Amino acid sequence: MSDRSLRGMRLGAQSMETEAGVEPAPRQRVEYRCDDGEQVFVTFSSEAEIPPVWTSKTGKEAFLVDGERPTDANAKAVRTHWDMLLERRSIPELEQILSDRLDLLRSKRGERTS
């Protein structure tokens, strides 16, 4: 019995199953390229739908090589806080508000107002 000892086998830490007869799923390697020339290779299943844009590890957008660039027809123009403020107030109105607030601030500090 001592010649069949399992001592030193680290039971449970390693699989005793072999990969004989196991075939991996079919895959395809797809190339994306950033505007600055950085190449990104991604492996997909052969049945997967390939996205036209991929984000690289550096955070840049990479586009599918030999693919059409997506057109973003429904994209809204980015509105900044300044744009939204100008929708509510005119420039002379904003200058008057600024002047009033500066006078109030100066009076609280004990400075002379203009």
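Me: What makes Val30, Tyr32, Cys34, Val40, Val42, Phe44 and Ala62 a nonpolar core?

Reply: In this predicted model, these seven residues form the largest nonpolar core, a term that applies because each such residue is buried, with under 20% relative accessible area, and the set is joined through side-chain atoms within 4.5 Å. The elements that give two or more residues to this core are β1, residues 27-34, and β2, residues 39-45.

Me: How do you know that β1 and β2 pair, and in which sense?

Reply: Strands count as paired when at least two bridges are found between them, and β1 and β2 have seven, in the antiparallel sense, so the pairing is established. One of the partnerships sets Tyr32 against Val40 in β2. The two strands form a hairpin with four residues between them, and in the turn Gly37 has a positive phi of about 100 degrees.

Me: What makes β1 and β4 a pair?

Reply: Three bridges join β1 to β4, residues 61-64, and the two strands run antiparallel; since at least two bridges are required, they therefore count as paired. Here Arg33 stands opposite Phe63 in β4.

Me: Why is Trp82 called partly exposed?

Reply: Trp82, which lies in helix α1, residues 81-88, has a relative accessibility of 48%, and because partly exposed covers the range between 20% and 50%, that is the class Trp82 receives. Together with Leu86 and Ile91, Trp82 forms a nonpolar patch on the surface, with about 290 Å² of accessible area together.

Methods:
Residues are numbered from 1 along each chain as its sequence is written. This is a predicted model: local features need pLDDT of at least 70, side-chain atom pairs count only at pLDDT 80 or more; totals for chains, interfaces and linings use all residues. Side-chain values use heavy atoms; hydrogens and water are left out. Buried means under 20% relative accessible area, exposed over 50%, partly exposed in between (1.4 Å probe, protein chains only). Patches are made of residues with over 30% relative accessible area and no salt bridge: like charges are joined within 9 Å, nonpolar side chains (Val, Leu, Ile, Met, Phe, Trp, Tyr) within 5 Å. Accessible areas come from the Shrake-Rupley method with a 1.4 Å probe; for residues, only the protein chains shown count as cover. A salt bridge is a side-chain nitrogen of Lys or Arg within 4 Å of a carboxyl oxygen of Asp or Glu.
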